[in-house]
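Open the model in your viewer and switch to the cartoon view. We will go from stop to stop, selecting a few residues each time.

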Amino acid sequence: MSKRPELLIVSGPMQGTRFQVGAGGVRLGRSSSNDVHLPDEELSRNHCLFEQSGEEGLRLTDLASANGTFVNGTQLGSDSRELALGDTIEVGSTKITVVKEGESAPPPPPPPPPPAAPVRAAPVGGPVDLGLGSAAPQGGAPAIRAGDAKSPAQQKRSPIANILWIVAALLVAGAIAVVLYTPRESEKTVVKVTEEKVEPKLTALYYEKVEADASRIFRYQMTIDESGTLRVAFDDVPGENRHVDKKAKLSDAAMKRIFEILETPGFSSLDEEYTGASVSDENALNSYRIRVVRWNNVRDVLVENAPEPDSFRQVREALEAFSRNELGIWAIQYSREKLLELSEQSMHVADAKWEEREVEYGNLSAAVKAYREAVFYLETINPKPDGYAELKDKLARTEEELKKRYEDQRFLADKAINLGDWEVAQSELKVLCSLVPEKDDPRHAEANAKLVDVENRMKKARSGK
């Protein structure tokens, strides 16, 4: 039974490396996330894909690379190509040849024949044999070949000596052949990629929602790229005239949540398209698209002017909720009127806390928090309402006041610590923690750590240790 071909890199950064194509395929490119990673700036991050074809064949697909993929000098287009033994693939500065399994690099071409030896003058009175025949010249005199003059000792060599000379020549020739045709150590390196070794790493995720009619266009786009960066772009025009464009690097826990969403039962078995009435007939568009790329697998589902399958709707809504929570843009789900109302409520709370900032230490921090909320509610709406600039000024004034009070209070606490006055230090540090009560605030964490240390010292002093 014949074997499936292998791919041998015959030139480029990884010359001599050979790899097999498993059931999961082999992706090649400049990115280190590829199965075969080539450090070549001429390559795209994800350049091309090798896959199994039939029982014993291979197929090559270009992954929309910038500089193209070439087979036997011809550039691939958007269609895949079946590969045959001997085909040469060029990607950047790398050349790859399709070979039989275990076959080494093709042997180098034979060296050109040495130049013919110059014709030497024959001894006086004797003809010169130019190698055109072995018959003796006319006259019965023995022919003398150029360079064939022998010493008397050579003329008397025995048959056994001749045999030994032949054996030695064969041994030397064999050694040379071994050197020429034995694969170099780098050629013995085999990169075997099997389906079991491929992790379900997310290469890309794309989700888009478009709701449009004669009066407005609402577009929501969410993407996650190969580096794990989440980005959301949101437009609602002319309607609310709201725009959002935010991005953030996702944590490992957040990426795990994405995989959980994509494993929603029934999503993987959906059809590629669900379409209903045409846009022209309805004069409206309600389009939802989710595209997921995991290694070499692409899942692309479009729902356009048609009822959503339950599993698709669940995934879509979960992705929207995820992005709102990760980027802090959940306010986009509310109308302009609702956001104006929420902002006004937060501003009233902030104003009250500012007026009472001398009553309790924590009121100043509470005012900062409420002013920030009031500004946050107005971030996504345009045009901004009257009083927006004044609101920003109030926030800046309150933050500056809190910063000044914190620095003054920390000075008093550090002074008491340096003097070893632990009771005063304890009291000042408690005030400091009250000024910034939010536990996730680094200033609170710093003050609380000092307070714990001071209280431990006081406990030891009381116990006499």
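Two strands count as paired if DSSP finds at least two bridges between them. Keep in mind that this is a predicted model.

**Stop 1: the start of the chain**

Select residues 6–11, strand β1, and residues 94–99, strand β11. Five bridges pair them in the antiparallel sense. Now click on L7. Its bridge partner in β11 is V98. L7 also has a bridge partner in β2, namely F19. Add residues 18–21 to see strand β2, which pairs with β1 over two bridges, again antiparallel. Six residues lie between the strands of this hairpin of β1 and β2. Look for G12 there: it takes a positive phi near 115 degrees.

**Stop 2: a sheet of five strands**

Next, find the open sheet with the order β4-β3-β5-β6-β9. Its pairing is mixed. The edges are β4 (36–37) and β9 (81–83), each pairing on one side only. Select β3 (residues 26–29) and β5 (residues 48–53): three bridges join these antiparallel strands. V26 stands opposite F50 in β5.

**Stop 3: a buried acid**

Stay here and select D62, in strand β6 (residues 57–62). Which side chain of opposite charge is nearest to D62? It is R81, 12 Å away. A salt bridge needs a nitrogen of Lys or Arg within 4 Å of a carboxyl oxygen, so that distance is too long for one. D62 is buried yet has no salt bridge.

What does the D62 side chain touch instead? Show S65: the two side chains make a polar contact of 2.6 Å. Then show T69, whose side chain has a polar contact of 2.5 Å with that of D62. Beyond its neighbours within four places in sequence, D62 is in contact with several residues, among them H47, C48 and L76.

**Stop 4: a sheet of seven strands**

Move along the chain to another open sheet, with seven strands in the order β18-β17-β16-β15-β20-β21-β19. The pairing is mixed here too. β18 (242–249) and β19 (273–275) are the edge strands. Neighbouring strands are turned by 5 degrees against each other on average, direction ignored.

Select β15 (residues 202–212) and β16 (residues 217–224). They run antiparallel, joined by eight bridges. V210 stands opposite R219 in β16.

Now add helix α5, residues 310–327. This helix packs on the sheet, and the strands it touches include β15, β16 and β17. Its direction makes about 80 degrees with that of β20 (285–294).

**Stop 5: charged pairs**

Side chains of opposite charge can pair when their charged atoms come close. The count for this model comes to 25 salt bridges.

Select K209 and E320: their side chains meet in a salt bridge of 3.0 Å, N to O. K209 sits in strand β15 and E320 in helix α5, 111 residues apart. Are these two buried or exposed? K209 is buried, with a relative accessible area of 9%. E320 is buried as well, at 10%.

Go on to R289 and D300, a salt bridge of 3.0 Å. R289 lies in strand β20 and D300 in strand β21, so the pair ties together parts eleven residues apart in sequence. R289 is partly exposed, at 26% relative accessible area.

Last, select R316 and E308, which meet in a salt bridge of 2.7 Å. R316 is buried, at 8%. Finish by showing K209, E308, R316, E320 and R324 together: salt bridges that share partners join them into one network.

Notes:
Residues are numbered from 1 along each chain as its sequence is written. This is a predicted model: local features need pLDDT of at least 70, side-chain atom pairs count only at pLDDT 80 or more; totals for chains, interfaces and linings use all residues. Side-chain values use heavy atoms; hydrogens and water are left out. Helices (H or I, at least four residues) and strands (E, at least two) are DSSP runs, numbered from the N terminus. Axes are lines fitted to C-alpha atoms, for helices over the stretch in contact, and angles run from 0 to 180 degrees between N-to-C directions. Contact means heavy atoms within 4.5 Å. Buried means under 20% relative accessible area, exposed over 50%, partly exposed in between (1.4 Å probe, protein chains only). Lys and Arg count as positive and Asp and Glu as negative; His and the chain ends are not counted. A polar contact is a pair of N or O atoms within 3.5 Å; within protein, one must be able to donate a hydrogen and the other to accept it, and residues adjacent in sequence count only if both atoms are side-chain atoms.
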